[in-house]
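Reader: Could you take me through one part of this model in close detail? I would enjoy a connected account rather than a list.

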Amino acid sequence: MAKAARISQAHLSKLERGLADPTITTVAAIASVVGLDLSMRTFPGGSPLRDAGHVRVLARLRALLPATYRWRTEVPIPITGDRRAIDAMVADPPIAAGFELETRFGDAQSTDRRILIKQRDAGLSAMILVVPDTRHNRLAVAAAAPTIRASFPLDGRQVLRALRAGVAPSANGILFV
């Protein structure tokens, strides 16, 4: 394996025993040898909270709704053993709609499928896809319109009108915040 990854046997041995820190290039080479692709994600520094962006979007969404509404986040899917959750819901008055946040919209089919399955499994009448109002997200949602508009036909104005009236939207929708 060391030869195929173009590293010395001694270095590979140190890596395996945790006695050396590999470079990204070395990790990618070793992964390739065993038939894997290396995939990485980076997060901005600063806040110790990895999902700080998610929390900020939830706060902006919450500010758009009547202050009298009770708000719940990370609402478990009501299936025994299921570890998924709805990002947010209005609890009082009970509105059978969930909110799913995407801080950076980028995979239309995966997002569409994931949210619709959560909607089905949670028994909700509507799901609202919430995305930050950024240039990237506006362009991505517009590009994905042929894929996602059938599943999320309502726009933000229609969604907010229903929620402010104390009812679930008549269908799924997309809300930029």
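**A close look at strand S2**

Author: Gladly! Seven of the eight residues of S2 are buried, so this strand is largely enclosed by the rest of the structure. Please keep in mind that the model is predicted.

Let us place S2 in its surroundings. The strand belongs to an open sheet of five strands, ordered S1-S2-S3-S4-S5, and the pairing in this sheet is mixed. At the edges stand S1 (70–76) and S5 (173–176); each has a single partner strand, so one side of each is left without a neighbour in the sheet. On average, neighbouring strands of the sheet are turned by 30 degrees against each other, direction ignored.

Now for the two partners of S2. With S1, the strand runs antiparallel, and six bridges join the two. Here proline 76 stands opposite alanine 85 of S2. With S3, S2 (residues 85–92) is again antiparallel, and two bridges join S2 to S3 (residues 97–101). Methionine 89 has glycine 98 in S3 as its bridge partner, while alanine 88 stands opposite phenylalanine 99, also in S3. S2 and S3 also form a hairpin, with four residues between them.

From S3 we can move on to a helix. Helix H7 (residues 156–164) packs on the sheet, where it touches S3, S4 (126–131) and S5. The direction of H7 makes about 95 degrees with that of S5.

To return to where we began: S2 is joined to S1 by six bridges and to S3 by two, and seven of its eight residues are buried.

Key
Residues numbered from 1 in each chain as written. Predicted model: local features only at pLDDT ≥ 70, side-chain atom pairs only at ≥ 80, totals over all residues. Heavy atoms only, no water. Pairing = 2+ DSSP bridges. Axes fitted to C-alpha atoms, helices over the stretch in contact; angles between N-to-C directions. Contact = heavy atoms within 4.5 Å. Buried < 20%, exposed > 50% of the residue type's maximum accessible area, 1.4 Å probe, protein only.
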